[in-house]
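Q: I'd love a close look at one part of this protein, with its surroundings explained as you go. Could you walk me through it?

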Amino acid sequence: MEFKAQILDEKAIDRTLTRLAHEIIEKNKGIDNLVLVGIKSRGVPLANRLSNKIATIEGRPLKVGSLDITMYRDDLSLKSYQPDVKGLDVDFEIDGKVVILVDDVIYTGRTVRAAMDAIIDYGRPASIQLAVLVDRGHRELPIRPDYVGKNVPTSSKEIVKVKVLEVDDFNEVAIYQK
């Protein structure tokens with residue numbers, strides 16, 4: 001895999017998350033009844049960062065949960081290993097809440113579909129919204145994020161890699177050639 005270009009550096013990621021926090025607050029007319037659920041692995045630290053940004057603006061953070069969608073994927077039978085089942089990890093009710101799913105990159109839409117299945121299996125939210133740091137296109141399902149940090153048109157021969165301090169020891173979004 002060959003490095004092609006850096007899309008966002010640490011400061012750009014921070015500015016992007018600040019903008020997304022403002023958009024979430026504006027669209028929902030405040031933060032009452034909102035919760036964040038990060039899709040593992042990099043969606044979780046992004047959800048925590050969004051919660052902190054929202055706390056700076058609104059004076060209180062949103063509750064954050066995490067979601068491992070491995071067992072909900074429609075390509076599970078294609079995997080050669082037995083996944084570790086974790087599912088939804090929240091310490092709050094989602095019934096009647098506006099659940100904002102947070103992920104690093106949206107590509108085909110299959111991860112988001114699996115995440116929605118998991119959320120609905122757990123409870124009945126008032127609605128589900130989607131926030132992503134990067135939308136790279138190439139959807140296979142009719143899923144569109146409500147909040148997009150950056151649209152990055154890519155070819156199918158390119159890979160978008162998001163690195164976050166909490167998982168990778170540095171922050172960056174870059175494109176690589178397969």
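Is Arg110 buried, partly exposed or exposed, and what is its relative accessible area? Please start there and then work inward.

A: Happy to. This is a predicted model, and in it Arg110 has a relative accessible area of 26%, which makes it partly exposed. The side chain of Arg110 meets that of Glu140 in a salt bridge, with 2.6 Å from N to O. Arg110 belongs to helix H3, residues 110–122, while Glu140 sits in the loop between S6 and S7, so this pair links parts of the chain that are 30 residues apart. Glu140 is also partly exposed, at 47% relative accessibility.

Arg110 also falls within a stretch that carries an annotation: an unreviewed UniProt entry lists residues 99–111 as "short sequence motif: PRPP-binding". In the model, that span is 62% strand and 15% helix, and its end C-alpha atoms lie 16 Å apart.

Now let's step inward to Val102, a residue of strand S5. Setting aside residues up to four places away in sequence, Val102 touches Leu36, Val37, Gly38, Ile39, Gly43, Leu46, Ala47, Leu50 and Ala131. Val102 is also among the residues that touch the most other members of the largest nonpolar core, together with Leu50, Ile100, Leu133, Val134 and Val173; this core has 30 residues. The elements that give it two or more residues are helices H1 (10–27) and H2 (43–58), along with strands S2 (34–39), S5 (98–106), S6 (127–135), S8 (158–163) and S9 (172–177). The most comes from H1, which gives seven residues. Apart from this core lies another one of 21 residues, including Ile39, Val99, Ile106 and Val112. As a general point, nonpolar side chains in soluble globular proteins tend to be buried together.

Next to Val102 in our tour comes S2. The bridge partner of Val102 is Gly38, and S2 and S5 run parallel, joined by five bridges. S2 also pairs with strand S3, residues 63–68, again in the parallel sense and over five bridges. Here Val37 has Gly65 as its bridge partner in S3. S2, H2 and S3 together make a right-handed β-α-β unit. As for cover, six of the six residues of S2 are buried. Leu34, Leu36 and Gly38 point one way from this strand, whereas Val35, Val37 and Ile39 point the other way.

Let's finish with the charged pairs that involve H1. In total, the model has 10 salt bridges. Generally speaking, side chains of opposite charge can pair when their charged atoms come close. One of the pairs here is Asp14 with Lys53, whose closest N and O atoms are 2.5 Å apart. Because Asp14 lies in H1 and Lys53 in H2, the pair ties together parts that are 39 residues apart in sequence. Asp14 counts as partly exposed at 38% relative accessibility, while Lys53 counts as buried at 19%; the cut-off for buried is under 20%.

Lys27, also in H1, reaches across a longer stretch of sequence: its partner Asp146 is 119 residues away, in the loop between S6 and strand S7 (147–151). Their side chains meet in a salt bridge at 3.0 Å, N to O. Lys27 is partly exposed, with a relative accessible area of 44%, and Asp146 is partly exposed too, at 33%.

Note on methods:
Residues numbered from 1 in each chain as written. Predicted model: local features only at pLDDT ≥ 70, side-chain atom pairs only at ≥ 80, totals over all residues. Heavy atoms only, no water. Core = buried A, V, L, I, M, F, W, Y, C linked by side-chain atoms within 4.5 Å. Buried < 20%, exposed > 50% of the residue type's maximum accessible area, 1.4 Å probe, protein only. Helix = DSSP H or I, 4+ residues; strand = E, 2+ residues; numbered from the N terminus. Contact = heavy atoms within 4.5 Å. UniProt positions renumbered as here; feature names shortened; annotations may be inferred. Salt bridge = Lys/Arg side-chain N within 4 Å of Asp/Glu carboxyl O. Pairing = 2+ DSSP bridges. Right-handed = clockwise from strand over helix to strand, strands pointing away.
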